[in-house]
Structure formats: structure tokens, C-alpha cells
Amino acid sequence: MQLHIKWDTGNMTINCEDFFPATQNKMNVLMKTIDLDWEHKDEILHQMLQFLTDLEQEAEEKKQEIKHQFGKEFQKMKDLERMISSCKHPNGVPLSKVEVKDAKAELKEQKKLVHDLEQFFKRYSKTAQKAKVNAQIVIQKGGLKC
């Protein structure tokens, strides 16, 4: 989505996917720039607010997906750790040296996957929080009502 802002001495096009979520300083500058386009100000603010609420909802949905996936992957990692430490299958049958080696390699990959899921969860949490703050700034400075 792109926002087009025009005023007497110039214009600006903002690619929302790249710009948002933005810092508070950038939002203040953007709000002042939008004030220059007084003819289309309300329309631009509503588009921004819609984009930010959609971004927040999308980030929250992604967080929920990661939560479900994380539980399964974390359990798989712990099962592998237990299997390697005891050198036995869950049913009590001993592991061969090759199976131990394969399990260690699989555990290494599983730990990386779990770590990546944690990072994605943190990233989406920050995105959702920043989008919410950006939407509040648009409402406060733009004079919009929820």
C-alpha cells in the first residue's frame, strides 16, 4: 500500500510496508507532513490507521501460529535430548552409535529451529506493539476517533 501526500511546494509517496512500524519521531514528522495536504488529510489518516490495525492483527495472528508450532518443536527437542542423554529409545531399546550420532545432528537442527521460532515470536511481538503505538499517534495527532 502506498500513501500519496501532495502540498503546494511538493509531494511524497510512502510505501507503507517499508515505512511502518515507525519510530515516534518519524511518526511526528509524517503527521506534520500530512497536515500540509489539508484537502486529503482525513483520507490519508484513515488509510494509515487501517494499514496499522491490519499490520497489528497480522502480527498477532503470526504470533499465535508460532505459539502452536513452538510447543510441538520444543517437545521434540526435549525428547531428543532425553534420548541422547540416556542412549535409549523411548521404549527402552538401546541406541546404536550411528543412531546416537544421527540423533545429535537432528538435535542440533531442532535447537536451531526452536531458537528461530523464538526470534520470530519476539519480532512479531515488537511489530504488533509498535503498530499499536503508531495507530495511537495517528488517532491522537490526527484528531481521529476510533
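Select Lys112 to begin: this residue is partly exposed, with a relative accessible area of 49%. The model on display is predicted, and the values quoted at each stop are computed from it.

**Stop 1: Lys112 and Asp116**

Keep Lys112 selected and add Asp116. The two side chains meet in a salt bridge, at 3.1 Å from N to O. Both residues belong to helix α4, where they are four residues apart and therefore separated by about one helical turn. Asp116 counts as partly exposed, at 27% relative accessibility.

**Stop 2: from helix α4 to helix α3**

Next select Lys111, together with Glu81. Their side chains form a salt bridge of 3.8 Å, N to O. Glu81 lies in helix α3 and Lys111 in helix α4, which spans residues 97-142, so the pair ties together parts that are 30 residues apart in sequence. Glu81 is partly exposed at 23% relative accessibility, and Lys111 is partly exposed with a relative accessible area of 41%.

Now add Lys78 to the selection. Lys78, Glu81 and Lys111 are linked in a network of salt bridges.

**Stop 3: Gln110**

Keep Lys78 displayed and select Gln110, which has its place in helix α4. Is Gln110 buried or exposed? With a relative accessible area of 6%, Gln110 is buried, because buried means under 20%. A distance drawn from the C-alpha of Gln110 to the C-alpha of Lys78 spans 9.4 Å, while the two residues are 32 residues apart in sequence.

**Stop 4: Phe121 and Phe70**

Proceed to Phe121, also a residue of helix α4. Phe121 counts as partly exposed, at 26% relative accessibility. Add Phe70 and draw the C-alpha to C-alpha distance: Phe121 and Phe70 are 9.4 Å apart in space and 51 residues apart in sequence.

**Stop 5: the acidic patch**

Select Asp54, Glu58, Glu61 and Glu65 together and display the surface. These four residues gather there in a patch of negative charge. Then reduce the selection to Glu65, which lies in helix α3, a helix covering residues 41-86. Glu65 has a relative accessible area of 52% and is exposed, because the cut-off for exposed is over 50%.

**Stop 6: Lys41 and Asp35**

Move to Lys41 and Asp35. What do the side chains of Lys41 and Asp35 meet in? They meet in a salt bridge, with N and O 3.0 Å apart. Lys41 is partly exposed, with a relative accessible area of 22%, and Asp35 is partly exposed as well, with a relative accessible area of 38%. A search of the whole structure finds six salt bridges; among them are the Lys41 and Asp35 pair, the Glu81 and Lys111 pair and the Asp116 and Lys112 pair.

**Stop 7: the hairpin**

Finally, select residues 2-7, which make up strand β1, and residues 10-15, which make up strand β2. The two strands run antiparallel, and six bridges join them. How many residues stand between β1 and β2 in the hairpin? The hairpin formed by β1 and β2 has two residues between its strands. To follow the pairing, select Gln2 and look across to β2, where Asn15 stands opposite. While viewing the strands, recall that side chains in a regular strand alternate between the two faces of the sheet.

Technical notes
Residues numbered from 1 in each chain as written. Predicted model: local features only at pLDDT ≥ 70, side-chain atom pairs only at ≥ 80, totals over all residues. Heavy atoms only, no water. Patch = residues over 30% accessible without salt bridge, like charges linked within 9 Å, V, L, I, M, F, W, Y side chains within 5 Å. Areas by Shrake-Rupley, 256 points an atom, 1.4 Å probe, with all protein chains shown as cover. Lys, Arg positive; Asp, Glu negative; His and termini not counted. Charge placed at Lys NZ, Arg CZ, Asp CG, Glu CD. Buried < 20%, exposed > 50% of the residue type's maximum accessible area, 1.4 Å probe, protein only. Pairing = 2+ DSSP bridges.
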